[in-house]
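Here are some notes to read alongside the model. Take the points in order, and keep the 3D view open while you do.

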Amino acid sequence: MKNRLSRMIKPATGRSVMLACDHGYFMGPTSRLENPRKTIEPLLPYADTVAVTRGVLRTSIDPKWDTPILLRVSGGTSILREDLSDEGITTSMREAVRLNVCAVALSIFVGTSHEKQTLLNLSKLVDEGEDYGMPVMAITAVGKELEKRDARYLSLACRIAAEIGVQVVKTYYCEDFSKVVNGCPVPVVVAGGPKLNSETDVFELACNAVREGAVGVDMGRNIWQNDNPVGMIKAIRAIVHENVTTREAIQIFNEEKGSLRKAEDTIRV
């Protein structure tokens, strides 16, 4: 268990940059994630962990790549459903171990009509994780029907997940985020959520999150839907592991953007 956690949350800094690429499990071929391998491969050198489903792991992750895998094991609904909270466990713990992943992830929907179902799913997963030495990350999802992302709600959801026995919780950033972290006795990582308006907004979110106690971020769309995804993940990595400021992160992003333009110009010539 400790070894797997140390692959995901780096001991040198106690932090992690997670690359979320599991959107297809309910959203289908999400924009710029239509070809998962093409999206993921150039970003892997800068990610501490990549989050995918077993299907994408089999088809799009080269076994020779050494970036640890965070395996999404919950699902059962699609974006066509009004209620996204009606989820179950879609991948067995035995399969997760066979696939050599560093942790498994499952969504919980606190406050929805399927609250009990998803919390019991989590409890079952934690029990199996203890048997196999597999860390479990709970994702405090909100779905379409519950758009609460305030400190009171997220503190409740994160604490319940920790009480059930998870090793890590993924949640949203919010005002008074330090209250969420202080009330959760296990490490907290912050979701990127929907694509934000600007790179500055993304970097500020990451800076604020780690400053207020998060051990890292689990971002997807705000990285690979950007025209300069490598620049985004390089800047995010510097924020998480080197405590750079938003201003410094923008500089890292722009330097990569400049290098990208030069490479494109060279190809044209």
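1. Let's begin with one pairing. Met 18 has Asp 218 as its bridge partner in S10. Please keep in mind that this is a predicted model. The pairing belongs to a longer contact, since S1 and S10 run parallel and are joined by four bridges.

2. Now look at the other neighbour of S1. Met 18 also stands opposite Thr 49 in S2. The strands S1 (residues 16–20) and S2 are parallel, with three bridges between them. One more pair to find here is Leu 19, whose bridge partner in S2 is Val 50.

3. How many of the residues of S1 are buried? Five of its five residues are, so the strand is mostly covered, given that buried means under 20% relative accessible area. Ser 16, Met 18 and Ala 20 point one way, while Val 17 and Leu 19 point the other way. This is a pattern worth learning: in a regular strand, side chains alternate between the two faces of the sheet.

4. Try the same exercise on S2, which covers residues 49–52. Thr 49 and Ala 51 point to one side, Val 50 and Val 52 point to the other, and all of them are buried.

5. Next, follow the chain onward from S2. Which elements make a β-α-β unit with S2? They are helix H4 (residues 54–60) and S3, and the unit is right-handed. S2 and S3 (residues 69–72) are paired in the parallel sense through three bridges. Within that pairing, Ala 51 stands opposite Leu 70 in S3.

6. While you are at H4, pick out Leu 57, which lies in this helix. Leu 57 has a relative accessible area of 10% and is buried. In sequence, Leu 57 and Ala 96 are 39 residues apart, yet in space their C-alpha atoms are 11 Å apart.

7. A second example of this kind involves Val 104, found in strand S6 (residues 103–108). Val 104 counts as buried because its relative accessibility is 1%, and the cut-off for buried is under 20%. Its C-alpha atom is 8.6 Å from that of Gly 129, a residue 25 positions away along the chain.

8. Time for the empty space. Rolling a probe the size of a water molecule over the atoms shows where such space is left. The largest pocket has a volume of about 580 Å³. It is lined by 32 residues, and those closest to its centre are His 23, Phe 26, Met 27, Tyr 172 and Arg 221.

9. Which element gives the most to the lining of the largest pocket? Helix H2 does, with three residues. H2 (24–27) and the strands S7 (136–140), S8 (168–171) and S10 (216–219) each supply at least two residues of this lining. By type, the lining residues of the largest pocket are 14 nonpolar, nine polar and nine charged.

10. Charged side chains deserve a point of their own. Side chains of opposite charge can pair when their charged atoms come close. The count for this model is 13 salt bridges. One of them joins the side chains of Asp 48 and Arg 237, with N to O at 3.0 Å. Asp 48 sits in the loop between H3 (36–40) and S2, and Arg 237 in H11 (residues 229–242), so that the pair links distant parts of the chain, 189 residues apart. Asp 48 is buried at 2% relative accessible area, whereas Arg 237 is partly exposed at 25%.

11. Compare two further salt bridges. Arg 81 and Asp 86 form one, with their closest N and O atoms 3.7 Å apart. Arg 81 is partly exposed at 36%, and Asp 86 is partly exposed at 26%. Glu 256 and Lys 234 form another, with 2.8 Å between the closest N and O atoms. Glu 256 lies in helix H12 (residues 246–268) and Lys 234 in helix H11, so this pair ties together parts 22 residues apart in sequence. Is each of these two buried or partly exposed? Glu 256 is buried at 17%, and Lys 234 is partly exposed at 29%.

12. One last thing to find is a network. Arg 54, Arg 58, Glu 95 and Arg 98 are joined into one by salt bridges that share partners.

Terms used. Residues are numbered from 1 along each chain as its sequence is written. This is a predicted model: local features need pLDDT of at least 70, side-chain atom pairs count only at pLDDT 80 or more; totals for chains, interfaces and linings use all residues. Side-chain values use heavy atoms; hydrogens and water are left out. Buried means under 20% relative accessible area, exposed over 50%, partly exposed in between (1.4 Å probe, protein chains only). Two strands pair if DSSP finds at least two bridges between them. A crossover is right-handed if, with the strands pointing away from the viewer, the path from the first strand over the helix to the second runs clockwise. On a 1 Å grid over the protein atoms alone, a cavity is a set of points where a 1.4 Å probe fits but cannot get out, and a pocket is an open set with protein on both sides within 12 Å along at least five of seven lines; lining residues have an atom within 4 Å of a point. Grid points are joined across faces, edges and corners, and a volume is the space filled by probe spheres set on the points. Ala, Val, Leu, Ile, Met, Phe, Trp, Tyr, Cys and Pro count as nonpolar, Asp, Glu, Lys and Arg as charged, and the others, Gly among them, as polar. A salt bridge is a side-chain nitrogen of Lys or Arg within 4 Å of a carboxyl oxygen of Asp or Glu.
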